[in-house]
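User: Please examine one part of this structure closely, namely the surroundings of a single buried tyrosine, and set that part in the context of the chain as a whole.

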Amino acid sequence: LGQYRLGDKLGIGSYGVVYVASHPTSSQQFAIKCVNKQKVLLSGHKKTTEHLLTEIEVMSIIKSENIIRLHDIYQDQTNYYLIIDYCNQGDFLNYLRLSNKNWLDEQEAVYYLRQIRNAFVDLRNNQVMHRDVKLENLFIHNKTLKLGDFGFSKIRRDTANSILGSKYTMAPEILIGVEKSVTYGPKCDLWSIGCVFYEMLFGCKLPIDQGGDGSIQAIAKSMKAFKESELRFPRPISPAAEDLLRRLLVKNVNERIDFNDFFNHPIFGGMGALHSSKEFFGKSVTVVPGKDFIGSNMR
């Protein structure tokens with residue numbers, strides 16, 4: 001594929017296949033996401049193309065150690081080919097399997113949480129809501145965490161109303177939208193970060209679905225009955241970890257911790273003050289490839 005040599009298959013998604021690939025000159029490894037054009041068209045949803053464009057845009061404009069980066073794009077009659085970072089330890093669930101662990105000790109969990117924080121400093125810098133933070137979208141390369149899968153992201157907007165995400169990490173303000181129209185903001189990602197941190201520490205999902213059938217409607221119903229005061233932790237954790245979880249996993253979005261306080265929480269141990277996320281808004285960025293993706297920006 002152009003200057004890249006395809007290798008083993010890494011996985012299969014809804015719209016294509018992911019392969020490992022190498023660059024013959026540098027020997028650097030990449031992942032190549034092959035997106036089937038016909039499957040995108042047959043989905044019948046305009047949103048499917050929009051999600052693909054958004055994923056490309058986010059990975060193009062943000063250059064961060066902790067975010068999957070887009071390096072190149074190709075196309076032929078059958079597929080679009082996205083050349084992105086390769087992560088040799090797979091997603092976080094695979095990382096746990098390889099480590100023979102169900103959960104992490106607190107020191108290691110905070111080590112990865114700090115990298116999630118760093119990723120979100122860059123996302124808020126560029127006014128991006130991820131909207132689907134979960135272990136399956138966190139990837140590990142030589143102990144470095146990289147956040148990926150930006151198809152559900154919202155860029156250059158501080159509000160959204162689509163019911164998107166994964167039901168077990170979806171913020172309460174989005175779940176409410178299952179039954180009625182709702183508008184929400186970037187703090188939805190903070191709830192999801194809390195769910196991910198909880199799962200890292202305890203090896204289980206936040207216990208919200210109480211006796212339901214597992215449907216999003218049942219989880220939305222259980223969320224209404226969920227009380228933060230009843231939040232329990234399966235094993236002992238530090239006061240700092242408990243404080244952060246109790247401030248992230250707050251149903252009322254107005255009472256939930258904000259990004260500035262999350263970035264500077266004591267659990268990160270004197271990492272230095274970071275600017276409020278609101279101060280980043282309006283910063284000009286170069287969008288590559290942007291809306292002309294299905295055209296002249298393609299090779």
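Analyst:

**A buried tyrosine and its setting**

Across the chain of this predicted model, the mean pLDDT is 86, with 89% of the residues at 70 or more. Residues 271-299 are an exception to bear in mind: their pLDDT is below 50, and the stretch has 54 contacts in the model beyond near neighbours in sequence. Where pLDDT is low, predicted coordinates should not be read in detail.

The chain contains nine helices and nine strands. It has 299 residues, of which 49% count as buried. Of the contacts between residues at least 6 apart in sequence, 64% join residues at least 24 apart.

The tyrosine in question is Tyr 184, which is placed in the loop between helix H5 (172-175) and helix H6 (188-202). Its relative accessible area is 3%, so Tyr 184 counts as buried, the limit being under 20%. Which residues is Tyr 184 in contact with, once its neighbours within four places in sequence are left aside? They are Arg 131, Asp 158, Thr 159, Ala 160, Asn 161, Ser 162, Glu 173 and Ile 174.

Two of these partners can be described at the level of atoms. The side chain of Arg 131 forms a polar contact with the side chain of Tyr 184, at 2.9 Å. The side chain of Tyr 184 also reaches the backbone oxygen of Ser 162, at a distance of 2.5 Å. As for the backbone, the C-alpha atom of Tyr 184 is 9.9 Å from that of Pro 172, a residue twelve places away along the chain.

Arg 131 and Ile 174, both in contact with Tyr 184, reappear at an internal space. The model has one cavity of 30 Å³ or more, and the largest cavity holds about 50 Å³ of space. Its lining consists of 13 residues, and those nearest its centre are Arg 131, Thr 169, Met 170, Ile 174 and Ser 192. Helix H6 supplies the largest share of this lining, with three residues. By class, the lining of the cavity divides into six nonpolar, four polar and three charged residues.

A second tyrosine, Tyr 168, is found in the loop between strand E9 (154-155) and H5. Is Tyr 168 buried or partly exposed? Its relative accessibility is 30%, and Tyr 168 therefore counts as partly exposed, a class that begins where the buried limit of 20% ends. Apart from its neighbours within four places in sequence, Tyr 168 is in contact with Cys 195, Lys 205, Asp 209, Gly 214 and Ile 219. The C-alpha atoms of Tyr 168 and Leu 206 are separated by 7.5 Å, although these residues are 38 apart along the chain.

The model also has an open space to consider. The largest pocket encloses about 1,200 Å³. Strand E1 (5-12), strand E2 (16-22), strand E3 (29-36), helix H2 (46-61) and strand E5 (79-85) are the elements that give two or more residues to its lining. Helix H2 gives the most, with five residues. The lining of the pocket comprises 37 residues, and Gly 13, Val 18, Lys 33, Phe 139 and Asp 149 lie nearest its centre. These lining residues are classed as 17 nonpolar, twelve polar and eight charged.

Strand E3, one of the elements named for the pocket lining, includes Asn 36. A polar atom of the Asn 36 side chain lies 2.9 Å from the backbone nitrogen of Lys 39. Not counting residues up to four places away in sequence, Asn 36 touches Tyr 15, Gly 16, Thr 78 and Asn 79.

Two further loop residues deserve a note on backbone geometry. Most residues other than glycine have a negative phi. Ser 27, in the loop between E2 and E3, has a positive phi of about 65 degrees although it is not a glycine. With a relative accessibility of 55%, Ser 27 counts as exposed, because the limit for that class is over 50%. Lys 143 lies in the loop between strand E7 (138-141) and strand E8 (144-147), and its phi is likewise positive, near 70 degrees. Lys 143 has a relative accessible area of 34% and is partly exposed.

Notes:
Residues numbered from 1 in each chain as written. Predicted model: local features only at pLDDT ≥ 70, side-chain atom pairs only at ≥ 80, totals over all residues. Heavy atoms only, no water. Helix = DSSP H or I, 4+ residues; strand = E, 2+ residues; numbered from the N terminus. Buried < 20%, exposed > 50% of the residue type's maximum accessible area, 1.4 Å probe, protein only. Contact = heavy atoms within 4.5 Å. Polar contact = N/O pair within 3.5 Å; in protein donor to acceptor, adjacent residues only side chain to side chain. pLDDT = per-residue confidence, 0-100. 1 Å grid on protein atoms, 1.4 Å probe; cavity = no way out; pocket = protein on both sides within 12 Å on 5 of 7 lines; lining within 4 Å. Points joined across faces, edges and corners; volume = space filled by probe spheres on them. Nonpolar A, V, L, I, M, F, W, Y, C, P; charged D, E, K, R; others polar.
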